[in-house]
Amino acid sequence: MLTVTSGPVGALILVGECARRGLPTSLESRNAGEVPEFPEGAIEARWDANARTRKLALPFRDIVELARYALA
């Protein structure tokens with residue numbers, strides 16, 4: 001599991017990890033305050049080799065678009 005900040009830098013880190021591991025089997029957002037380490041919200045990705053389907057509550061394209069802001 002990887003949890004990153006819900007901003008552009010977190011999205012960029014997630015995209016980099018997906019380049020290394022492949023698309024996650026689960027991708028979800030966490031509201032502000034839900035994860036104590038990320039008081040402003042978070043994005044949570046999981047990779048499960050045994051998963052038969054992907055549960056992407058967030059479209060991966062949205063993550064890529066958000067990551068572009070970190071590069072600007």
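## Sheet, helices and two loop residues

In strand S3, isoleucine 43 is the bridge partner of serine 29. The model described here is a predicted one.

**The sheet.** S2 and S3 run antiparallel and are joined by five bridges. They belong to an open sheet of four strands, ordered S1-S3-S2-S4, with mixed pairing. Strand S1 (2–5) and S4 are the edge strands, each pairing on one side only. Helix H1 packs on this sheet and touches S1, S2 and S3. The direction of H1 makes about 150° with that of S1.

**Helix H2.** Helix H2 covers residues 60–71, which is 12 residues. From its first C-alpha to its last H2 reaches 17 Å, close to the 16 Å expected at 1.5 Å a residue. Which residues of H2 are buried? They are Phe60, Ile63 and Ala67. These residues cover an arc of only 50° around the axis, so they lie on the same side of H2. An α-helix has 3.6 residues a turn, so residues three or four places apart point the same way. On the other side of H2, the exposed residues are Arg61, Arg68 and Tyr69. What do the buried residues of H2 pack against? Their partners are helix H1 (8–21), strand S2 (26–30) and strand S3 (42–46).

**Two loop residues.** Leucine 58 sits in the loop between strand S4 (55–56) and H2. Not counting residues up to four places away in sequence, leucine 58 touches Leu27, Glu28, Ser29, Ile43 and Ile63. Among these contacts are both members of the bridge pair named at the start, serine 29 and isoleucine 43. Ile63, also touched by leucine 58, is one of the buried residues of H2.

Glutamate 40 is found in another loop, the one between S2 and S3. Is glutamate 40 buried or exposed? Its relative accessible area is 69%, and because exposed means over 50%, glutamate 40 counts as exposed. Leaving aside neighbours within four places in sequence, glutamate 40 is in contact with Ser6 and Ala32.

For each of the two loop residues, the table gives a C-alpha separation from a residue elsewhere along the chain.

| Loop residue | Other residue | Distance along the chain | C-alpha separation |
|---|---|---|---|
| Leucine 58 | Serine 26 | 32 residues | 9.0 Å |
| Glutamate 40 | Glycine 7 | 33 residues | 9.0 Å |

Methods: Residues are numbered from 1 along each chain as its sequence is written. This is a predicted model: local features need pLDDT of at least 70, side-chain atom pairs count only at pLDDT 80 or more; totals for chains, interfaces and linings use all residues. Side-chain values use heavy atoms; hydrogens and water are left out. The expected span of a helix is 1.5 Å times one less than its number of residues. Buried means under 20% relative accessible area, exposed over 50%, partly exposed in between (1.4 Å probe, protein chains only). The arc is that of the directions from the helix axis to the C-beta atoms. Contact means heavy atoms within 4.5 Å. Two strands pair if DSSP finds at least two bridges between them. Axes are lines fitted to C-alpha atoms, for helices over the stretch in contact, and angles run from 0 to 180 degrees between N-to-C directions.
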